[in-house]
Amino acid sequence: MAKNTVQQIINQIRKQLGKTWVNSPVDVLNTGNSNTIVTGITTSFSPTIDVLKRSIEAENNLIITQQPAFYIDSQAPERDPVEEIFKENPTYLYKKSLIEENKLVIWRFYDNWNNRKEDGQLLGIAKALNWEKYHLENKSFLLPESTLGETVLSISKQLNIQGIRAVGDPSVKIKKAVISHGMFRFTELQEILKDPDVTLLVIAEAIEWESPEYFRDLLTWKGHNKGMILLGRQAMEDPGYGEVARWLQTFIKDIPIEWIPAEEPFWVPR
């Protein structure tokens, strides 16, 4: 097996992305050294301690993630360095020690993954839901007719998640759906609602007093003919990093590559 450094892997990714590549302040090493020889690659939504331990067991020392290593966006200019914020925090210190002792390199791959012409995040969640065959265009899907309640249960089972939430009457008939990954903005909701045929919005997360509150008021005013399902950020985004792994495997042939999901952090009482 050929030996590749972290920087050589990043260079290969940059070459594949071509003109869409940008020198993003987000897509940087969060931990480790770019000269480290890569023994295996993990992709995941977030480098949780569980993901790190499973990566160590698999001998994957390069972890490619959407989210930062230490809980906050350390690239935000208004923030103090992570080391300063968490310098006496025992959870941070344990995780930092785990990373350093095992010489793990965490590279955040967010902006450049999203800059690709093909929406890998949308493809990942569509595959996870088994909705690929229903894709129309952009983020729209024409589903077999079912109710909102049936759709919530189906998605929960398909993604193996508990913390799913919904807005709308469970008996509402669902047909045309739109998926939106990432933080759902009020402006996006307004654009989607311009299409009267859309009966379902499947989103990751939203500020509750913005889009969900507006959507609830809309249904109260005009009648319950639509539904909204909130999956949670991890549940929506992690399948996209399964797609990152599949994409990397098309041009990185001599290093093991594995998607290790961060898994849903929530549970609900039954």
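This report describes the overall build of one predicted chain, one of its helices and several of its salt bridges.

The model is predicted, so local features need pLDDT of at least 70 and side-chain atom pairs count only at pLDDT 80 or more, while totals for chains, interfaces and linings use all residues. Residues are numbered from 1 along each chain as its sequence is written, and side-chain values use heavy atoms, with hydrogens and water left out.

**Overall build**

The chain has ten helices and ten strands; these are DSSP runs numbered from the N terminus, with helices (H or I) of at least four residues and strands (E) of at least two. Along the principal axes, the C-alpha atoms fill a box of roughly 60 × 40 × 35 Å. The radius of gyration of the chain is 20 Å, which agrees with the value near 18 Å for a compact globule of 270 residues. This radius is taken over C-alpha atoms, and the globule rule is 2.2 Å times the number of residues to the power 0.38.

Of the 270 residues in the chain, 49% are buried. Buried means under 20% relative accessible area, exposed means over 50%, and partly exposed lies in between (1.4 Å probe, protein chains only). The chain exposes about 14200 Å², of which carbon and sulfur atoms supply 51%; accessible areas come from the Shrake-Rupley method with a 1.4 Å probe. Among contacts (heavy atoms within 4.5 Å) with a separation of 6 or more, residues 24 or more positions apart account for 73%.

**Helix α7**

Helix α7 covers residues 148–159, and its end C-alpha atoms are 16 Å apart, in agreement with the 16 Å that its twelve residues should span at 1.5 Å a residue. The expected span is 1.5 Å times one less than the number of residues. Leu 148, Thr 151, Val 152, Ile 155, Ser 156 and Leu 159 are buried in α7. Seen down the helix axis, the buried residues of α7 fall within an arc of 130°, so they line one face of the helix; the arc is that of the directions from the helix axis to the C-beta atoms. An α-helix has 3.6 residues a turn, so residues three or four places apart point the same way. Exposed residues Leu 153 and Lys 157 are carried on the face of α7 turned away from its buried side. After α7 comes Asn 160, with a positive phi near 55°.

**Salt bridges**

Side chains of opposite charge can pair when their charged atoms come close. The structure holds 14 salt bridges, each being a side-chain nitrogen of Lys or Arg within 4 Å of a carboxyl oxygen of Asp or Glu. Three of them are listed below.

| Basic residue | Acidic residue | Closest N to O distance |
|---|---|---|
| Arg 54 | Glu 263 | 3.9 Å |
| Arg 116 | Glu 118 | 3.4 Å |
| Arg 246 | Glu 243 | 2.7 Å |

Arg 54 lies in helix α2 (residues 49–58) and Glu 263 in the segment after β10 (257–259), so their pair ties together parts that are 209 residues apart in sequence. Arg 54 is partly exposed at 27% relative accessibility, and Glu 263 is partly exposed at 47%. A network of salt bridges links Asp 50, Arg 54 and Glu 263.

In the second pair, Arg 116 counts as buried at 14% relative accessibility, whereas Glu 118 is partly exposed at 45%.

Arg 246 and Glu 243 both belong to helix α10 (residues 233–248), where they are three residues apart, about one turn of the helix. Arg 246 is partly exposed at 35% relative accessibility, while Glu 243 is buried at 9%.
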